[in-house]
Each structure stands twice: as C-alpha cells, then as structure tokens.
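This report looks at a ligand and at the pockets of the protein that holds it. Please look over the sequence and the structure before reading on.

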Amino acid sequence: MKKHLLFLGAPGAGKGTQAELLSQTYSYLHLSTGELLRKEIEMNTILGMQVKDIMNKGELVSDELVLKIVKQNLDNNKKGWILDGYPRNLSQANSLNKVLTEINQPLEVVFYLDIPEEVLIKRLLLRGRKDDTEETIRTRVDIYKKTTEPLIQYFKDLSLLEYIDADRDLKTISSDIELKMA
Ligand code: B4P
C-alpha cells in the first residue's frame, strides 16, 4: 500500500475532498496548504495577515512561506501523508523533492484529478467560499494553467502520475484511487 501521495488538479477538481476521505480511511496525515493558510487567516496570525489579500485575489502565496508550512508538518509525520494543493509550480516541486530526500520519505504516487473547466467553475460557485467569486475563480484557473499544469508532465516523466477522471461521483472516484494505491 502506497503511503506518500500527492493530489494534483485544477481548483475545484476535488483534491481536498478526496484527500480528506482517504486520510480518514488510512489515518494518513492530510496536508492541505490551502486549508493551513486559511487557518492562519482565521486566527489572525502574522502569516495570516501576510497572505489574506493574496488569497482573496486568487493569486499564489510565496514559495518560501508555503515551504515553511509543509516542512513543519511533514517532519512530525509517522504513518503516511497526502499532499493536497502543493506543489503548485516547478519551483515548489523542486523544493519538495529536496525536503523529501532530506527526511527520506519519497513520493510514491501523484493522482491527477482531471476535470472540464465548466464543471469546476459550477462547483466552486456552488461552494461559495470567500475566494469562490467568478472573477477570483478565473484568476485561479489562469494561474493553474500557466504555472501548475506543467507539473503533470513533470510527474509523468518521473513515472509517478496516475490519471483520475474527476467528473464522477465522490465514491466512484475514491474507489478508483484506492485501487491505484494498492
Ligand atoms: P486550495 O485550498 O488548494 O483549494 P481549491 O483550489 O479550492 O481546490 P480543491 O481541488 O481542493 O477543491 P475541493 O475538494 O474543495 O487553494 C486555495 C488558495 O490557497 C489558492 O488559490 C492559493 O491562493 C492558496 N494556496 C494553496 N496552496 C498553495 C501553494 N502551494 N502555493 C501558493 N499558494 C497556495 O472541491 C471543490 C468543490 O467541489 C467542493 O464544494 C466539493 O464539495 C465539490 N466536489 C468535490 N468533488 C466533487 C465531485 N466528485 N462531484 C461533485 N462535487 C464535488
């Protein structure tokens, strides 16, 4: 059974949803950089204040800040982990690689959740989080296409990529993922 997983996909593809389900089933650590950053904002920490405007515009937070959060959390992990929303660009992918080599916990599989753009826009508008306005969603999708999408080829070249059709119901998707984890 694979223990070190990563979810890749557009905003609203369901990375958080699937990572949460799997982390409950296997008691793995679910590390969502988006969720951790939102918590910092809620708690009004210095970090939260630094990232609030950036996130509300749908832009990416700096690589150093995100790396700091990831490092802190992975260091304390024992059972297994699921990265959700990180890395989001090539520089973050290279930093992650370094951290995982340092802690001797290599990535074993990357699930790429594939979804048509019209479906994700509908999903996010329905969810209605602060950064789910039409304008912000467009920015997030544009940034995704420019900076995150190249990671699909990056992980394919490392023979880590598993393709998942994410335009299906939750259960069907998670059964598919579990089969590919075995
Ligand atoms: P994230 O928190 O990563 O989240 P997300 O884009 O909303 O996507 P996700 O794919 O997790 O969607 P979800 O499961 O919730 O990013 C938010 C922001 O944080 C970024 O814009 C950026 O500013 C910042 N950030 C995060 N990581 C960063 C990094 N590494 N570097 C820099 N900045 C970073 O699903 C969406 C909706 O669809 C939900 O309502 C869900 O219920 C629904 N849904 C899910 N699966 C479904 C299905 N199969 N069928 C129907 N509905 C479904």
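## Polar contacts of the ligand

In this predicted model, an N or O atom in the side chain of Arg 38 lies 3.0 Å from an oxygen atom of the ligand. A nitrogen atom of the ligand is 3.1 Å from a backbone N or O atom of Gly 85, and a ligand nitrogen atom is also 3.3 Å from an N or O atom in the side chain of Arg 123. Taken alone, the ligand exposes 1,000 Å², of which the protein buries 86%.

## The shell around the ligand

The ligand is surrounded by 29 residues, and the closest of them are Thr 17, Thr 33, Glu 59, Arg 127 and Arg 168. By class, this shell holds 11 nonpolar, eight polar and 10 charged residues. At least two residues each come from α1 (15-26), α2 (33-42), α6 (117-127) and α9 (170-181), with α2 giving the largest share, four residues.

## The largest pocket

The ligand takes up the space of the largest pocket, which contains about 780 Å³. Its lining consists of 40 residues, and those nearest the centre are Lys 15, Arg 38, Arg 88, Arg 129 and Arg 140. Elements that supply two or more lining residues include β2 (29-32) and α7 (134-148).

## The second largest pocket

The second largest pocket, with a volume of about 230 Å³, has Arg 38, Arg 129 and Lys 130 among its lining residues. This lining has two nonpolar, one polar and six charged residues, and both α2 and α3 (46-56) supply at least two residues of the lining.

Notes: Residues are numbered from 1 along each chain as its sequence is written. This is a predicted model: local features need pLDDT of at least 70, side-chain atom pairs count only at pLDDT 80 or more; totals for chains, interfaces and linings use all residues. Side-chain values use heavy atoms; hydrogens and water are left out. A residue is near a molecule or strand if one of its heavy atoms lies within 4 Å of it. A polar contact is a pair of N or O atoms within 3.5 Å; within protein, one must be able to donate a hydrogen and the other to accept it, and residues adjacent in sequence count only if both atoms are side-chain atoms. Accessible areas come from the Shrake-Rupley method with a 1.4 Å probe; for residues, only the protein chains shown count as cover. On a 1 Å grid over the protein atoms alone, a cavity is a set of points where a 1.4 Å probe fits but cannot get out, and a pocket is an open set with protein on both sides within 12 Å along at least five of seven lines; lining residues have an atom within 4 Å of a point. A molecule sits in a cavity or pocket if more than half of its atoms lie within 2 Å of its grid points. Ala, Val, Leu, Ile, Met, Phe, Trp, Tyr, Cys and Pro count as nonpolar, Asp, Glu, Lys and Arg as charged, and the others, Gly among them, as polar. Grid points are joined across faces, edges and corners, and a volume is the space filled by probe spheres set on the points.
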